[in-house]
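Grab a coffee and work through these short exercises with the structure open. Each one sets a task and then walks through a solution.

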Amino acid sequence: MKDTPTDSDSNQASLSRRTALALLGGTGVAALSGTAAAQSDGEREDDGEEDRGNGRGNDGKPWNRDIDANGNGLYNLASLDVGRVYTSARDADIIVWKDDDGTFHADGADGEVASGDGVVPVAQAAVDGLTEGRTWNEKVLIASPGEMTSADGSLELPSYTTLDAPATLSIPDGESVPPVVRAVGAEHIDVESLVVEGPAAMGIRLTSCSNVRIGDVRITGVTSDGIRIDGRGDAPRSTDIQMGQIYVEGNGHHGVETYGVDRIQIEQVIGNDPASCVVLLNDTVDATVNSVVGREPGGPAGYATFRVANGAHDVTVGEVVSRGGNRGVFGVSECYDITIGHVNIEGAEDQGILVQNCRDFTVQGGVVKNTNGDGVRIDSRDDGEQLPAEGVSISNLRVYDDRDEPKQTWGILETGPACNHNRIVNNDVRGGGTTRNIGIFSNTTVVRDNVGGGFADGEVTLSAGESPAARVEGVSEFPDVTIPGSVDEPEDFEASALSVRAKPATTGSSETYAWESYAEWNGSAGSWDLVFEWRTDPGVDVTLDYVVDKTR
């Protein structure tokens, strides 16, 4: 899946000094200082009516070029006092490039800043050569590929620094290299592009940073996280992070991991065979993620293509696509207010989706198929230390296993005594589980309008001439209301909370028939039975498929 140059190709790439200067914007004005000079209104000719007829406005000025987008006049620039006026943000302040002899140079508008045999030391000199004490961003462009060694260290970025590194930074096998790009306690950091190949510890590591923008990044073969952004323990949290298109392949831990981050926006992360998660948000608040795509996420901890953990909350994800690996989606350890719009998960070794000890966790739709465990599992570990799985909502999912030898044990399964007020609504679970399509543990969970299963389901035969026509014992073992102030009699609660959907299992009889059903408390058994009575007895037995919903 790689499309970047190989190491041998990268080592041959070089530039001329003329090319490097062109990259600096040498063909045009890079900056103005002092008083900007321009012809004033009074110095321009007024062509009068003739010019106005040729598309000019009053005083002979082109009517559509008189002001900029902020409403500022453009024909009296002599009145504008400026310190520095920059051209395009893509223009670099210092270019790092390699000549035909393999020597790296860092060149700025005022001449050479540094030169040497290693790309990282020269790039670091370029960063250190930017304006000291600046409160605006200045940029270093690494225009030639190069190798990193264990002696190079990380490329350290201070505040108000932009790095653009579209050329491959490669690490030979056997080298022990720290994170390629590193920043601690910095603000206004931009990494417009970065390509890393080989066993560096990480691609990017940011700690206690704010106002960070990471653009187009490709990281292959690092030994730990592709990108890690954190601020935990005594370190201040990282804040206000934006990430664009991230691709991570064959790394030794997570693709993108955050821990102790407030306000982060991620466009897309693609992870190909990561050792752990593609995206893991730990203790991260106010996060929006457009898309996470994963192939074979793994790790002994049962990681997933997308995971939230350790109290992450207020997280919205547009889409999670996952193929193989341990899990597609995993929420754990007291995360809350999590919403995932759409999932497409196939072939997970464990659950397709596992929501464990999380609150107000919503999956709004999609497909989960052909897992080797449960399609979806909602679970509360009853250790007395964590929040229960509460307010979990699973809806509009198609959950099934269409393999010749299905292994998906349950379509949707709720387990654990501490589950409260969850919702399983409007799902299609036909062919969802080899054990059963839906399994519910909690008295407070709502189960309704699911195709292929419900709170209870099965097949029953109504016997002609019998009253009742049929009885299904033990459809619910919850005897009463657990909410204070509710009625005491169990039938008053459960009979109104359980509803039945039934249809003939075959095409039906030529005879006229009708039935009704209700729930009846069986005191000796300590459970609710489902009872069917004839309203019109056809004189022949009728077999029904039934689904019991729990509507509140």
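**Exercise 1.** List what D374 touches, then work out how its charge is handled.

Step 1: leaving out residues up to four places away in sequence, D374 is in contact (heavy atoms within 4.5 Å) with D350, Q351, G352, Q408, T409, W410 and L413.
Step 2: D374 sits in the loop between β24 (366-369) and β25 (376-379).
Step 3: D374 is buried (under 20% relative accessible area, 1.4 Å probe, protein chains only).
Step 4: it has no salt bridge (a side-chain nitrogen of Lys or Arg within 4 Å of a carboxyl oxygen of Asp or Glu); R377, the nearest side chain of opposite charge, is 4.3 Å away.
Step 5: the side chains of D374 and T409 do share a polar contact of 2.6 Å (N or O atoms within 3.5 Å, one able to donate a hydrogen and the other to accept it).

A note on the source: this is a predicted model, where local features need pLDDT of at least 70 and side-chain atom pairs need 80 or more, while totals for chains, interfaces and linings use all residues. Numbering starts from 1 along each chain as its sequence is written, and side-chain values use heavy atoms, without hydrogens and water.

**Exercise 2.** Find the strand order of the sheet containing β33.

Step 1: the open sheet runs β33-β36-β35, with antiparallel pairing (at least two DSSP bridges per strand pair).
Step 2: β33 (470-476) and β35 (514-522) are the edges, each pairing on one side only.
Step 3: the twist averages 25 degrees from one strand to the next.
Step 4: β33 and β36 (residues 527-536) pair over four bridges, and V472 has L530 as its bridge partner in β36.

Terms used
Helices (H or I, at least four residues) and strands (E, at least two) are DSSP runs, numbered from the N terminus. Axes are lines fitted to C-alpha atoms, for helices over the stretch in contact, and angles run from 0 to 180 degrees between N-to-C directions. Buried means under 20% relative accessible area, exposed over 50%, partly exposed in between (1.4 Å probe, protein chains only). Lys and Arg count as positive and Asp and Glu as negative; His and the chain ends are not counted.
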